[in-house]
Amino acid sequence: MTKPPLLQALRARPLLGDGAMGTQLMIAGLAQGSCGEEWNLAHPDRVLAIQRRYADAGSDCILTNTFGGSRIMLNRHGNADRVAAVNQAGVEIARQAFDGRAGYVIGDIGPFGGLMEPYGDFTEEQVRAAFNEQAKALVDAGADAIIIETQTSLEELGLGIEAAKAAGAPCVIGSMAYDVTLDGSTFRTMMGIDPERAAAFMQEHGADIVALNCGTGMDMARARQAVERYRKVTPLPLMVQPNAGQPKLVDMKVVYDETPEQMVKGVVPLLEAGVSIVGACCGSTPDHIRAFRLAMDEHLCHENQTLRH
Ligand SMILES: [Zn+2]
């Protein structure tokens, strides 16, 4: 199976990402608060079943099930000695989900889950070492790209980008999680970073793709606003993976209630704004991704026809 490198493929056409992993793991029986990444080793069949549904729904890119796969995160579940194994298995399972088709496996690095000194207990060196270790495991296992995602601070994002580059990742994606402000006028990360600053930082630090995912109140329309703000600062390819609406607590369970029909309305506006990879985050399902695929293909088909006229 030969395919162009991800960045080259994006120059030809936009690609479809995948949907949520965490909420799908819960549906598959993962208990709240337990280690979802451990399933790469304990229940690879269940992780594969989820990712295969995304691949079958039309995803071109699948994120590995390694969001909490850094030593610091795995240590909370007594799995610190399994960093390499968890991340390697994560890449292999995502690759398998494509069933031999040409697809892109994006090695996922989530936040380390704490604060660095002077605000928290972790030293920069600890975080750097944890990201270096995870990025190396993902790249060694053959990931086509690394995404540093759900980031809120530039310090942590910077360590992640450096780690991915040091590991030799063929493509490095930085992805921020924004929250809409209380008055609804704008959005920024929990640590106060706005899209312009994040995009400029990523470009300066050598990221290849500037992205956003997750967040609070960041629906597809807000995501488009973020994209426009990114675009004013950087010519780099952009990637967007919003949540399926706002989380609500129903019967003590977190529920995301934006349907595929509602969410898919935002896909073409994102493509028109120049987004290169569109996917979705928490609460989205293979049905959301299938709807995205149809909308995207129809849009690209129209575009080609217009070009020929
Ligand atoms: Zn999310």
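Two strands are said to pair if DSSP finds at least two bridges between them; strands (E, at least two residues) and helices (H or I, at least four) are DSSP runs, numbered from the N terminus. Welcome to this predicted model, in which local features need pLDDT of at least 70, side-chain atom pairs count only at pLDDT 80 or more, and totals for chains, interfaces and linings use all residues. Residues are numbered from 1 along each chain as its sequence is written, and side-chain values use heavy atoms, with hydrogens and water left out.

**View 1. Strand β8 and its partners.** Gly-174 stands opposite Val-210 in β8. Four bridges join β5 (residues 172-176) to β8, and the two run parallel. Strand β9 (residues 238-241) is also parallel to β8, again joined by four bridges; here Asn-213 stands opposite Gln-241.

**View 2. Strand β8 is largely enclosed.** Five of the five residues of β8 (residues 209-213) are buried (under 20% relative accessible area, 1.4 Å probe, protein chains only). Ile-209, Ala-211 and Asn-213 point one way, while Val-210 and Leu-212 point the other way. In a regular strand, side chains alternate between the two faces of the sheet.

**View 3. The largest nonpolar core.** Such a core is a set of buried Ala, Val, Leu, Ile, Met, Phe, Trp, Tyr and Cys residues joined through side-chain atoms within 4.5 Å. This one has 77 residues, and Met-176, Met-202, Tyr-230 and Phe-292 have the most contacts inside it.

**View 4. Around Tyr-230.** Not counting residues up to four places away in sequence, Tyr-230 touches (heavy atoms within 4.5 Å) several residues, including Met-176, Val-210, Leu-212 and Leu-238.

Technical notes. Buried means under 20% relative accessible area, exposed over 50%, partly exposed in between (1.4 Å probe, protein chains only).
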